[in-house]
Amino acid sequence: MNTRLDQPLRLGTRRSKLAMSQSGHVAEAVRKITGRPVELVEITTYGDVSREQLSQIGGTGVFVTALRDALLRGEVDFAVHSLKDLPTAQPAELVIAAMPRREDARDALVARDGLRFEELPDGARVGTGSPRRMAQLNAYARSLGKTIETVPIRGNVDTRIGFVHDGELDAVVLAAAGLNRIGRADEATDLLSVDHVLPAPGQGALAVECPASDAELIAALGELDDPYTRAAVTAERSLLAALEAGCSAPVGAFADLLADGQIVNEMRLRGVVGTLDGSTLVQLSTTGPVPQSYDEAMALGRELADEMLAKGAAGLMGERSL
């Protein structure tokens, strides 16, 4: 890291409104820590320009590769990713220096007429680009005694919510964290409980990544790290990796901290794999001491993945395409 205080740090970010917003928050925090200006460097990724469904362009890494290439070429000093977009394999030349405190991890429903999920009519058309959401939304609807039609969609927040406003769809499902970060949380008509719909591994969390060789920058960025967030998402991503699933596969995972009064003493990790129509779900959970190290968090995820595979999860993983 160049220690000249007037030398700006270059933060690589995707160009979307959401990415720019979350990168802006990180930039402001890094300015306060380092006393140096931070400039946003906008980078277009393959996932931003492709109009194909994520499950067809591979899902894993399509929003990340261009940012990582810029880091490796020295064009930017650090980058901010949505953690759920990161492949589970970490390149040796780069390090995730910080995982700031996680936003709301839940999925949010934006429906016509202010409807909650339970109030959607039978046969409602619900838009989502995520096989994970499709599987669980269909299962949730079935548990309420009705069916919905899940419709694959792509696009930014404006585009997705526009499908509802235009009457093309009855509802769309988005990450609550994204709506919160761009100041549109009030457009959600329902926040889907993790008891019904588990989020994507790492949803709501950010990853601040920089070259592994830059010890000074790693130390500065490390001040943004939230150890509970890191333990939770590490366990979730370990589960995902152990199921050998890319982020386009229908896998949900969520780790939350269980407190006894004011003392946080346990972590519960829940995982789900399902068929797209929601007719078959393998859903399990495990609870243990809060992981005190990377290895302990990884072990928690692997342990639950092994149980899920033993219960037949592997047979559901083949359904990758929409």
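Start by coloring the chain by pLDDT: this is a predicted model, with a chain mean of 89 and 89% of residues at 70 or more.

Now select residues 53–59. Here pLDDT stays under 50, and the model gives these residues 24 contacts beyond four places in sequence. Where pLDDT is low, the predicted coordinates should not be read in detail.

Next, switch to a cartoon view of the whole chain. You will find eleven helices and 13 strands. Which residues do the contacts join? Among contacts between residues at least 6 apart in sequence, 72% link residues at least 24 apart.

Turn on the surface. The chain exposes about 13700 Å², and carbon and sulfur atoms supply 49% of that area. Of the 322 residues in the chain, 54% are buried.

Then zoom in on helix α1, residues 17–34. Its 18 residues reach 25 Å from the first C-alpha to the last, close to the 26 Å expected at 1.5 Å a residue.

Show side chains along α1 and pick out the buried ones: Ala19, Ser21, Gln22, Ser23, Val26, Ala27, Val30 and Thr34. What do these buried residues pack against? Select the partners in two groups:

- Strands: β1 (9–13), β2 (38–42), β3 (78–82) and β10 (206–211).
- Helices: α7 (176–181) and α8 (215–221).

For the last stop, step just past the end of α1 to Gly35, where the backbone takes a positive phi of about 70°.

Terms used. Residues are numbered from 1 along each chain as its sequence is written. This is a predicted model: local features need pLDDT of at least 70, side-chain atom pairs count only at pLDDT 80 or more; totals for chains, interfaces and linings use all residues. Side-chain values use heavy atoms; hydrogens and water are left out. pLDDT is the predictor's confidence in each residue, from 0 to 100. Contact means heavy atoms within 4.5 Å. Helices (H or I, at least four residues) and strands (E, at least two) are DSSP runs, numbered from the N terminus. Buried means under 20% relative accessible area, exposed over 50%, partly exposed in between (1.4 Å probe, protein chains only). Accessible areas come from the Shrake-Rupley method with a 1.4 Å probe; for residues, only the protein chains shown count as cover. The expected span of a helix is 1.5 Å times one less than its number of residues.
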